[in-house]
Amino acid sequence: MEVTRGKTFLRLAAQKPCRSKIFDPNDTNQALAVLSQRFGLDICFGHPDAVSYLEKAVASHLRVSFSTTENRMWAFTGYPSEPLLSCVAAILLHRVPTNLAIALGVLKRKVDGGMVEIGQSGELTSRLLLLLAKDLLIRQDPPKGVIQDLHYEGSGEAELIDCQKVSVIDFLEYLLGKMFWSRTVKEAKVAFQHAYINFSHWVSALAEQKVSYKYSHKATGMFASQGTHIHTLYTQAMDR
């Protein structure tokens with residue numbers, strides 16, 4: 001992904017979900033907005049704070065209202081696939097060593113309180129684990145010249161760090177430990193030696209259905225080109 005609109009473009013993009021020039025991970029609305037842009041947080045309709053949170057998130061933190069019920073009592077909201085905003089959100093989470101831990105602490109409190117759903121089988125944990133593993137892996141030895149900060153002053157043709165692909169072999173080793181490949185057949189590592197993955201954010205299949213995407217070859221290709229991982233619905237069929 002190329003950033004070609006001047007040095008202030010990334011800083012402006014960062015201000016949109018935060019509604020602030022400085023990201024404060026202790027601020028619940030800012031923390032959940034930045035995390036939602038990347039991890040597709042689902043809000044529990046039955047929680048007493050859900051309505052007020054969603055109204056504020058839609059009004060001030062770039063959450064999108066996809067549709068409402070006929071009586072306008074309920075609104076279906078979320079963060080659709082926005083690769084640039086997702087990469088900016090990643091920079092906000094990782095630019096200061098404490099930001100990620102503080103934001104995850106905010107999320108934990110909202111999960112424990114029942115406002116943020118973890119999924120039928122704890123899918124939120126999987127989304128966090130897989131994407132954060134990729135985040136941390138790419139930052140161990142970042143490619144030269146990539147954009148790692150909102151105040152980047154280099155070439156306007158440079159790519160964002162979170163749009164970089166990573167080796168499947170390195171990813172699985174980072175995620176599961178250095179002994180992972182020793183527990184598999186020798187052919188497995190050889191089979192993946194030229195395989196790479198690249199994703200910067202998650203979207204919910206249910207949320208994307210609200211904006212009338214159909215899971216065709218074209219739509220799947222579009223999501224892949226945007227670095228999107230799709231959290232599908234149970235028993236959902238997808239074209240291959």
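Reader: Is Gln 37 buried or exposed, and how is that decided?

Author: The model is predicted, and the values discussed here are computed from it. A residue counts as buried when its relative accessible area is under 20% and as exposed when it is over 50%. Gln 37 has a relative accessibility of 4%, so it counts as buried.

Reader: Where in the chain does Gln 37 lie, and which residues does Gln 37 touch?

Author: Gln 37 belongs to helix H2, which spans residues 28–39. When residues up to four places away in sequence are set aside, Gln 37 touches Tyr 79, Pro 80, Glu 82, Leu 85, Ser 86, Ala 89 and His 201.

Reader: What share of the residues in the protein chain is buried?

Author: Of the 240 residues in the protein chain, 42% are buried. The chain is arranged in 10 helices and 8 strands. Its exposed area is about 13,300 Å², and 55% of that area is supplied by carbon and sulfur atoms.

Reader: How may I judge which contacts join parts of the chain that lie far apart in sequence?

Author: One may ask how far apart the two partners of each contact stand in the sequence. Among contacts between residues at least 6 apart, 68% join residues at least 24 apart. A single pair shows how sequence and space may be compared: Glu 55 and Thr 77 are separated by 22 residues in sequence and by 9.7 Å in space, C-alpha to C-alpha.

Reader: How should I read a pocket, and what is the volume of the second largest pocket?

Author: Rolling a probe the size of a water molecule over the atoms shows where empty space is left. In this structure, the second largest pocket has a volume of about 270 Å³. Its lining consists of 13 residues, and those closest to the centre are Val 51, Glu 55, Met 73, Trp 74 and Ala 75. H3, E2 and E3 are the elements that each give two or more residues to this lining. H3 supplies the largest share, with 5 residues.

Reader: What can be said of Glu 55 and Trp 74 individually?

Author: Glu 55 is part of helix H3, residues 50–60. Its relative accessible area is 55%, so Glu 55 is exposed. Trp 74 stands in the loop between strand E2 (64–68) and strand E3 (75–78). With 36% relative accessibility, Trp 74 counts as partly exposed. Trp 74 also joins Phe 45, Val 51 and Met 73 in a nonpolar patch on the surface, and together these residues have about 390 Å² of accessible area.

Reader: How many salt bridges does a search of the whole structure find, and how should one be read?

Author: The search finds 5 salt bridges. To be counted, a side-chain nitrogen of Lys or Arg must be within 4 Å of a carboxyl oxygen of Asp or Glu. Arg 95 and Asp 149 form one of them, with an N to O distance of 3.6 Å. This pair links distant parts of the chain, 54 residues apart: Arg 95 is in the loop between helix H4 (83–94) and helix H5 (99–112), and Asp 149 is in the loop between helix H6 (123–140) and strand E5 (166–167). Arg 95 is partly exposed at 37%, and Asp 149 is partly exposed at 28%.

Reader: What separates Lys 108 from Asp 112 along the chain?

Author: Lys 108 and Asp 112 are 4 residues apart in helix H5, which means that about one helical turn separates them. Their closest N and O atoms are 2.7 Å apart in a salt bridge, and both residues are exposed.

Reader: Which parts of the chain does the pair of Arg 139 and Asp 162 link?

Author: The side chains of Arg 139 and Asp 162 meet in a salt bridge of 2.8 Å, N to O. Arg 139 is in helix H6 and Asp 162 in the loop between H6 and E5, so that distant parts of the chain, 23 residues apart, are linked. Arg 139 is partly exposed, with a relative accessible area of 23%, whereas Asp 162 is buried at 2%.

Reader: What is the phi of Arg 19, and what is the phi of Leu 62?

Author: Arg 19 has a positive phi of about 55° although it is not a glycine. Arg 19 lies in the loop between helix H1 (9–18) and H2 and counts as exposed at 62% relative accessibility. Leu 62, likewise not a glycine, has a positive phi of about 70°. Leu 62 occupies the loop between H3 and E2 and counts as partly exposed at 35%.

Technical notes: Residues numbered from 1 in each chain as written. Predicted model: local features only at pLDDT ≥ 70, side-chain atom pairs only at ≥ 80, totals over all residues. Heavy atoms only, no water. Buried < 20%, exposed > 50% of the residue type's maximum accessible area, 1.4 Å probe, protein only. Patch = residues over 30% accessible without salt bridge, like charges linked within 9 Å, V, L, I, M, F, W, Y side chains within 5 Å. Areas by Shrake-Rupley, 256 points an atom, 1.4 Å probe, with all protein chains shown as cover. Contact = heavy atoms within 4.5 Å. 1 Å grid on protein atoms, 1.4 Å probe; cavity = no way out; pocket = protein on both sides within 12 Å on 5 of 7 lines; lining within 4 Å. Points joined across faces, edges and corners; volume = space filled by probe spheres on them.
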